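Please read the following account with the sequence and the three-dimensional view side by side, and locate each element in both before moving on to the next.

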Amino acid sequence: MSHPSSPAVSVIIPCHNYGRYLPQALDSVLAQTFCDWELVIVDDGSTDDSAAVAASLVARHPDRRIRLLEQANAGVSAARNTGIAAANGRYILPLDADDVIAPTMLEKTVAVLDGDPDVTIASTDLFAFTEDDLPPQVMPLPAYSRELLLQRLIMFYCSLYRREAWVAVGGYNEDMRAGEDWDFWVGCAEHGFDAHHIHEPLFGARNKDTGLHLEAAENDLAIRARIVANHPGLFKPVTRAWAEAVLHQDTDSWLGDERVPDDILTRAAEMDQFLQSVMALQRTARLQYHHIQRLEKALTDRSGTAPGGIPAPERGQTPVARSTV
């Protein structure tokens, strides 16, 4: 229950063995232009130094409303639920420990919810980034549509929403290892909550070629079937029958089942192809980047001049950054 001194926004960061990424996620929250927030870090039974890193970050910012909660490993859904249950803000922003938000993320999403009481969720476009200092790749998303949401994921997990949506839906489904965010958004639609999409990349997803998003891509059909089973009232009988087949029959049976709706298979194939293409482009960009780095180093070693005509720094000197403006 919130009270007059409660923050407007509670940022919830679950963390399981991502201590190496946590400082960057926290820095992105500290850099927000909107300052009325609290941050709840939930260490989800990490076996690395995540809890120690989080504790040091809390101690380093005593003037900020940052807390650390610890629990036995229970998965991202349970960790989010734990953090939200302990939070005080009227708006909730989930943020994974390996991702970041742009400085105006809270300012612009809060403005949407403050400005329209009929809107419950404010989502944004995203940018995918790597650890190779490559330019981030912007991924635009469509305007919110309830019908489109039932067909495919059109909002990423890191969207700002009113706390009452979490209460009404019953939190994130802790039985779902992947796709829990899509399931939650479908639950919001089922309860009549509306959303607004900001066509601006304000959420940054780290592309590591590993993680739950890969598991979601590999198990796309099963995740879709679970969502249908969780919210049967939103789907047609033929779709519910297909979901039952997926969840209760062996793979060969349901893949060859004539009851499978063509549109679901088509959408699943499109999503799988899209994710594979994005990851392939990321890998190609990284290979090209490292190849260019090796060529520039070879030229520098041969001529004593850095690319662009700038004299190579003497050993022990710090290279001078060049402006790209």
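Contact here means heavy atoms within 4.5 Å, while helices (H or I, at least four residues) and strands (E, at least two) are DSSP runs, numbered from the N terminus. The model is a predicted one, in which local features need pLDDT of at least 70 and side-chain atom pairs count only at pLDDT 80 or more, whereas totals for chains, interfaces and linings use all residues. Residues are numbered from 1 along each chain as its sequence is written, and side-chain values use heavy atoms, with hydrogens and water left out.

The chain holds 12 helices and 11 strands, and 47% of its 325 residues are buried, where buried stands for under 20% relative accessible area, exposed for over 50%, and partly exposed for what lies in between (1.4 Å probe, protein chains only). Of the contacts between residues at least 6 apart in sequence, 75% join residues at least 24 apart. The accessible surface of the chain comes to about 16,400 Å², and 54% of that surface belongs to carbon and sulfur atoms; the areas come from the Shrake-Rupley method with a 1.4 Å probe, and for residues only the protein chains shown count as cover.

Near the start of the numbering, Ala8 sits in the segment before E1 and is buried, with a relative accessible area of 1%. Its C-alpha atom is separated by 8.2 Å from that of Asn88, although the two residues are 80 apart along the chain. Not counting residues up to four places away in sequence, Ala8 touches Phe34, Asp36, Gly89, Arg90 and Tyr91.

In the loop between strand E1 (9-15) and H1 lies Asn17, which has a positive phi of about 60° although it is not a glycine. Most residues other than glycine have a negative phi. At 21% relative accessibility, Asn17 counts as partly exposed.

Helix H1 (residues 22-30) packs with helix H2 (residues 50-60) at an angle of about 30°, their axes being 10 Å apart. Such axes are lines fitted to C-alpha atoms, for helices over the stretch in contact, and angles run from 0 to 180 degrees between N-to-C directions. Angles under 35 degrees count as roughly parallel, over 145 as roughly antiparallel, 65 to 115 as roughly perpendicular and the rest as oblique, and H1 and H2 are therefore roughly parallel to each other. On the H1 side Leu22, Pro23 and Leu26 meet Ser50, Val53, Ala54 and Leu57 of H2. The residues of this contact divide into six nonpolar, one polar and no charged, with Ala, Val, Leu, Ile, Met, Phe, Trp, Tyr, Cys and Pro taken as nonpolar, Asp, Glu, Lys and Arg as charged, and the others, Gly among them, as polar.

Strand E2 (residues 37-44) contains Val40, a buried residue with a relative accessible area of 0%. Leaving aside neighbours within four places in sequence, Val40 is in contact with Val11, Ile12, Ile13, Arg67, Leu69 and Gly83. Gly83 is in turn one of the buried residues of H3; eight of the 11 residues of helix H3 (residues 76-86) are buried, so this helix is largely enclosed by the rest of the structure.

Further along the chain, the axes of helix H7 (residues 180-190) and helix H9 (residues 220-230) come within 10 Å and cross at roughly 30°. The contact is made by Trp182, Asp183 and Val186 of H7 and by Arg224, Ile227 and Asn230 of H9, and by class it has three nonpolar, one polar and two charged residues.
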